[in-house]
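Here's a quick briefing to read alongside the model. Have the viewer open as you go.

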There are 2 protein chains.
Amino acid sequence: MTQREISKAVIRRLPRYYRYLGDLLADGTERISSKDLSRIMKVTASQIRQDLNNFGGFGQQGYGYNVEYLHEEIGKILGIDDTHEMILAGVGNFGHTLAKFFTEGKKSSTRRFRLSGLFDIDPSLEGKEVAGIPVRMLDELPAFLENRDVEIGILTVPTEAAASVAEFMVENGVRAIWNYAHIDLKLPESVVVENVHLLDSLMTLSYDLKELKKKEA
Amino acid sequence: MTQREISKAVIRRLPRYYRYLGDLLADGTERISSKDLSRIMKVTASQIRQDLNNFGGFGQQGYGYNVEYLHEEIGKILGIDDTHEMILAGVGNFGHTLAKFFTEGKKSSTRRFRLSGLFDIDPSLEGKEVAGIPVRMLDELPAFLENRDVEIGILTVPTEAAASVAEFMVENGVRAIWNYAHIDLKLPESVVVENVHLLDSLMTLSYDLKELKKKEA
């Protein structure tokens, strides 16, 4: 499969395709037309065809898409055909939530992300197990990473600690930061960052609510 | 200001503009060119001009954007010039995180969202305060909502409870659901829903990591 340069907007839509196809697969659906996929996903069939054409198509005219093949190919594009080992820093409420999510979740989508280490600076947490993983102190991080192939660091530390903890992770070999601190991190070009801002989607919801009321008025 | 039909993609980018403009405002910046905004936000200046043209511009050629005005106008578009009252159901780890986020946060962006009620079904939580708000049992929800103008319901309940709790909220007057359960809710057209899937952004990060490695290879 040859890949052209793909826009960020398309890439951002792929996880959603991956989720829906995963659900269809779990339900035993073998083939699906862009029309049916469109109905379930509430996007236009033309959008679906356009998006998937970026990767050379996948569909045969009149036959629809092979669900298993498409799911697998999108997984490859997203790089989740490989398992990614992860660590997490900041074992507060949200750190707990994510730790449980990755260890207890039976979803195929979390299967490819393996959380192996939890770190904090609060001595009262040292050695405590969260979701079956012992909490280590942050200064143990270099030794922990030395013989492991950990690619992704999850940041659930307070905002003011985010930049320094991210740098510490990167210095010790982490290549990708999934950042939940309320700050857009700026890191070297040899590292990728995904800054997650939960409030953004609440603002989108606020917009939709405003539009809904406008229609009713 | 006249508004045309605006694409979902543009709307989804507005909260990010709002955040950056809020930071600039807090730093005392009065005007900014699309070029400087482009550099800070790491999107092209032409994208910025295009996005903001959807709302009639805001900028004067050669003078850049008035930060305060633009921030305020985008706030109006997003419907956050009004304060939204919210309730939350599911006071687990993530419920705690969000409750604290909205009550302790001093950010201008959370100011317009007021969390007034927490609900759960676990009797051991009854009356316990989280972030200064007492936890109520779910069956108290109708009485709680009766004399209040609560528009938004936050769902941090387990996946299997999400649909029924969302319906219960909607029956009692909630118009917008911010859903963190791992399921895309289907609700009446008189209600808006924002289904948040944290894993989607991790998959995007995985893609970026794959591309980074490809470049280095």
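What follows covers the symmetry, the interface and one helix pair.

This is a predicted model, and chains A and B are related by a turn of 180 degrees with a shift of 0.0 Å along the axis. Across the interface, 41 residues of chain B are in contact with 41 residues of chain A.

**Symmetry**
- Chain B can be laid on chain A with an RMSD of 0.0 Å, and that turn and shift make the relation a two-fold axis.
- Looking for the axis from chain B, go to B:Asn93: its C-alpha is the nearest one in that chain, 2.4 Å away.

**Interface**
- The copies meet through the same surface, because 100% of the interface residues of chain B are also interface residues in chain A.
- On chain B, the elements giving two or more residues to the side that touches chain A include helix H1 (8-26), helix H5 (93-104), strand E8 (150-155) and helix H9 (198-216).
- H9(B) supplies the largest share of that side, with 13 residues.
- By class, the side of chain B that touches chain A splits into 21 nonpolar, 11 polar and nine charged residues.

**A helix pair in chain A**
- Helix H2 (residues 34-41) and helix H3 (residues 45-53) of chain A have axes that come within 8 Å and cross at roughly 110 degrees, which makes H2(A) roughly perpendicular to H3(A).
- Their crossing is right-handed.
- From H2(A), A:Ser34, A:Lys35, A:Leu37 and A:Ser38 meet A:Ala45, A:Ile48 and A:Arg49 of H3(A).
- That H2(A)–H3(A) contact has three nonpolar, two polar and two charged residues.

Key
Residues numbered from 1 in each chain as written. Chains lettered and ligands numbered in written order. Predicted model: local features only at pLDDT ≥ 70, side-chain atom pairs only at ≥ 80, totals over all residues. Axes fitted to C-alpha atoms, helices over the stretch in contact; angles between N-to-C directions. Helix = DSSP H or I, 4+ residues; strand = E, 2+ residues; numbered from the N terminus. Parallel < 35°, antiparallel > 145°, perpendicular 65-115°, else oblique. Left-handed = near helix turned anticlockwise from the far one by under 90°. Contact = placed C-beta atoms within 7 Å. Nonpolar A, V, L, I, M, F, W, Y, C, P; charged D, E, K, R; others polar. Least-squares fit on C-alpha atoms with pLDDT ≥ 70 in both.
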